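Colleague: I would like to learn how to read a model of this kind, feature by feature. Could you take me through it slowly?

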Amino acid sequence: MNININKTINELTLDEKVSLLSGGSAWYTQPIERLGIPHVLMTDGPTGLRLSKNQVSVGEETLGNIEKSTSFPCSSAMASTFNQELMEEVGREIALQFQEHGVSLLLAPGINGKRTPLCGRNFEYMSEDPYLSGKMAVAYIKGVQGEGVGTTLKHYVANNQENKRFTVNAVMDERTLREIYLAPFEMAVKEAAPWSVMGAYNRVNGTYCCENNKLMLDILRDEWGFDGMVVSDWTAITDKVGSVKNGCDLEMPGPSMRDQEVLDALETGVLSMADLNDRVRRVLQFVQRALMNKKEVKVDYARAHEVSRRAAEESTVLLKNQDDILPLNSNLKIVVLGEQAADVMQGGGCAKLDPERLSPPLDELRKRNPDLVYAPGYTGDAPDEKLINEAKVAAADADVALVFVGTTYSIESEGFDRAHMRVADSHLALIREVAKVNKNVIVMISSGSAVEVHQFDKDVKAIFQLWYPGQAAGEALVRLLYGEVSPSGKLSETYPVHLENTPVFDNGHVNVEEVEYKEGLFVGYRYYGTKKIPVQYPFGHGLTYTTFEYSGLKLSQRDLKNGDQLEVSLNVTNTGGVKAKETVQIYVHDVRSQYPRPEQELKGFAKVELKPGETKRISATLDERAFAYYVPHLSKFAVETGEFEIRVGADSRDIRLTELVRFESQDGVTIPLTDRDSVLDWLQNPETSDRMKTVMNDKFGGPYRTDSSIFCIMSGLTIRKFFDQSSLLCPGHNVDVKKTEAYLTGNSE
Ligand code: BGC
């Protein structure tokens with residue numbers, strides 16, 4: 001069905017137009033039957049279809065009683081694959097299940113930046129790094145939309161904590177907003193054109209996101225050219241008229257109780273007809289897209305399960321492997337401990353699915369070791385002495401103890417933030433007690449974000465970070481444990497040693513209405529790396545069962561200018577004994593800049609599979625943006641002339657190869673000097689330095705030795721004072737102040 005949008009806008013009554021700006025019900029858009037405009041169904045992801053059976057019959061919508069669907073690894077996990085093709089494949093499988101159920105819009109992906117491991121919803125977000133988040137979101141969107149289902153980029157923007165999420169005011173400077181929190185949205189909008197963007201609950205610099213003119217109109221639409229529909233998060237709108245005026249197209253859930261307010265605002269001129277028509281057009285265009293892309297689908301659930309298994313394999317991160325205890329020898333007697341082995345953890349809240357099939361680790365390990373002993377070890381978060389003792393008895397008799405731990409639904413979920421960074425107390429107690437009777441403890445962690453590993457690190461030989469691995473968790477884990485596939489996940493976020501080490505430990509996540517982002521740009525590895533703070537595991541870390549060597553780094557050019565692209569290529573060789581995949585990471589370090597910058601930033605990555613002894617050449621392209629930062633006085637991303645180090649690493653702290661490039665930029669990043677800046681500022685500024693030296697030498701009795709006392713005193717003077725004092729400073733020198741000033745500022749003829 002095709003809607004003639006212009007004609008429809010002319011035919012709609014004012015009431016009908018306004019009604020289109022809210023849902024018809026909790027999960028549907030508003031239909032206009034008179035004009036043949038149907039309602040369109042939307043529902044949550046991000047790890048699969050989450051559709052309540054009642055959701056489809058309007059008026060009876062609940063969150064329970066949900067359809068079965070394939071559950072894929074959570075977003076932190078998917079980002080840890082560093083595999084965009086795989087992410088796209090997952091997106092396609094999810095979309096097919098949406099099509100099969102007649103759902104046209106997926107309320108995902110979530111790409112808020114991980115400001116702290118404590119954010120209760122981190123499992124639903126990709127990374128602490130905007131580049132990785134953006135790239136993985138692009139792949140996800142391409143996959144989903146390629147199958148004719150729309151995506152919703154959320155939560156726009158700075159929904160970085162769950163405590164007070166409906167009201168909290170995220171206060172930050174422009175660079176932090178642009179470089180850290182908006183950047184992944186910008187990349188996804190520009191590179192993948194999502195059908196929809198969801199306005200977040202919170203405020204940014206004082207204004208609610210859904211009513212935020214700057215975010216919705218200036219940046220999203222005007223700067224980035226977003227042509228889709230803005231939907232509010234569920235109940236996010238506080239001021240209906242303000243939201244319509246400032247670019248929020250669809251209020252959810254519906255129906256709206258506030259249409260009259262919009263009609264009144266049109267009457268009084270607070271809202272213009274042009275604004276109204278624009279919002280209506282975007283909703284109609286969305287309905288149009290949905291209708292044109294609907295298709296009959298018969299899902300192949302076995303194939304989807306297989307994709308989920310591969311995704312779980314590639315997202316699991318081997319954090320530690322002491323004495324090469326892994327992969328396990330099949331003859332070893334294993335014991336499986338911890339209730340979480342018998343289930344598969346998912347993120348709590350609107351992302352929770354009813355998996356179409358499930359392979360918990362315990363079941364899959366039993367298939368391989370029919371006689372294995374299992375002990376739950378805990379139930380609930382508080383340690384249970386009896387259960388721990390039973391687990392100890394079982395562990396004492398085994399070669400290897402596999403202990404399953406993590407966060408629980410009462411520790412980590414949508415709706416609230418974690419109160420600490422530990423695994424559940426009962427899980428920690430189990431590890432520590434079991435380690436007293438078995439020297440070969442292998443820990444599996446299920447959590448959506450970093451946990452404090454130092455609490456048990458010394459007690460155990462190996463650690464796997466499973467995240468929330470999806471329905472094929474058990475199959476994937478068994479293959480990883482026994483070396484049928486080599487681990488290849490790399491951390492999509494830093495594992496700090498202590499919660500107290502995190503950049504926002506004493507700032508945010510308490511129940512305050514206003515959170516000032518004092519750490520600015522310095523989140524995740526940008527913080528730990530720049531401030532040289534030891535971490536448990538750095539961003540990008542992940543072990544495997546072989547070793548890789550990097551060599552032959554080649555850059556397409558050494559001198560760059562605006563508009564250039566830099567090709568970075570190198571050889572990666574598998575120097576060990578088994579096939580495995582490696583993710584090569586490319587970081588850029590700005591050698592010197594006027595404004596503070598993080599010590600390095602991820603700007604490229606490539607994943608490659610290598611047989612033992614095999615070498616492949618991999619490459620990545622860095623464009624101008626890889627060198628740019630948001631320059632406040634220019635109000636845009638720009639490159640500063642100077643040197644940059646290209647760093648190629650296996651993780652953010654394991655840099656293997658480096659090369660320097662020089663970027664000659666026309667962006668004019670240099671901060672404009674005034675007569676309040678010092679002589680030194682004028683001397684150091686690349687644009688004025690030569691002239692300043694000439695002035696000092698020719699007119700002010702130089703040359704000066706820069707270590708002389710007179711130079712030290714003079715260099716601190718403002719240039720104005722320097723001129724004013726010229727006769728005193730340079731007796732006998734006839735300085736024409738006006739001419740000199742004109743010369744210095746480049747204004748002399
Ligand atoms: C969540 C959104 C979700 C919506 C609908 C909200 O509470 O923040 O992410 O899409 O509910 O379930």
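Modeller: We will go from the ligand site to strands and then to single residues. Please keep in mind throughout that this is a predicted model.

Colleague: Let us begin with the ligand, then: which residues come nearest to the ligand?

Modeller: A residue is taken to be near a molecule if one of its heavy atoms lies within 4 Å of it. Here 13 residues surround the ligand, and those that come nearest are D44, R121, H155, Y201 and D233. Sorted by class, the shell consists of 6 nonpolar, 1 polar and 6 charged residues.

Colleague: Which side chains have an N or O atom at a short listed distance from an oxygen atom of the ligand?

Modeller: The idea is to look for pairs of N or O atoms within 3.5 Å. A polar atom in the side chain of D44 lies 2.5 Å from a ligand oxygen, the side chain of D233 places an N or O atom 2.7 Å from an oxygen of the ligand, and for K154 the corresponding distance is 2.8 Å. As for the ligand's surface, the protein covers 93% of the 310 Å² of accessible area that the ligand has on its own.

Colleague: Turning to strands, how many bridges join β23 to β24?

Modeller: Two strands are said to pair if at least two bridges are found between them. Strand β23, residues 580-590, runs antiparallel to β24 and is joined to it by 9 bridges, among them the one in which V584 has A606 of β24 as its partner.

Colleague: And why is β24 described as largely enclosed?

Modeller: One counts its buried residues, where buried means under 20% relative accessible area. In β24, which spans residues 601-610, 8 of the 10 residues are buried, so the strand is largely enclosed by the rest of the structure.

Colleague: In what order do the strands of the 4-stranded open sheet follow one another?

Modeller: One reads a sheet from neighbour to neighbour, and here the order is β8-β7-β5-β18, with mixed pairing. The edge strands, β8 (207-208) and β18 (514-516), each pair on one side only. Inside the sheet, β5 (residues 169-171) and β7 (residues 203-204) pair in the parallel sense over 2 bridges, and N169 has R203 in β7 as its bridge partner.

Colleague: Now for single residues: is T407 buried or exposed?

Modeller: Relative accessibility settles that, and because T407 has 0%, it counts as buried. T407 sits in the loop between β14 (400-406) and α14 (425-435), where its side chain makes a polar contact of 2.7 Å with the side chain of E412. Its contacts beyond four places in sequence include Q340, R418, R422 and Y468.

Colleague: Where is L105 placed, and what is it in contact with?

Modeller: L105 belongs to strand β3, residues 105-107, and is buried, with a relative accessible area of 0%. Among its contacts outside the sequence neighbourhood are L41, F98, V149 and F286. L105 and Y28, though 77 residues apart in sequence, have C-alpha atoms 9.9 Å apart in space.

Colleague: Finally, which polar atom pair involves the side chain of H541?

Modeller: H541 lies in the loop between β19 (535-537) and β20 (548-555), and at 10% relative accessibility it counts as buried. A polar atom of its side chain is 2.9 Å from the backbone oxygen of L319, and H541 is also in contact with residues including V317, G489, K490 and D651.

Terms used:
Residues numbered from 1 in each chain as written. Predicted model: local features only at pLDDT ≥ 70, side-chain atom pairs only at ≥ 80, totals over all residues. Heavy atoms only, no water. Polar contact = N/O pair within 3.5 Å; in protein donor to acceptor, adjacent residues only side chain to side chain. Areas by Shrake-Rupley, 256 points an atom, 1.4 Å probe, with all protein chains shown as cover. Nonpolar A, V, L, I, M, F, W, Y, C, P; charged D, E, K, R; others polar. Buried < 20%, exposed > 50% of the residue type's maximum accessible area, 1.4 Å probe, protein only. Contact = heavy atoms within 4.5 Å.
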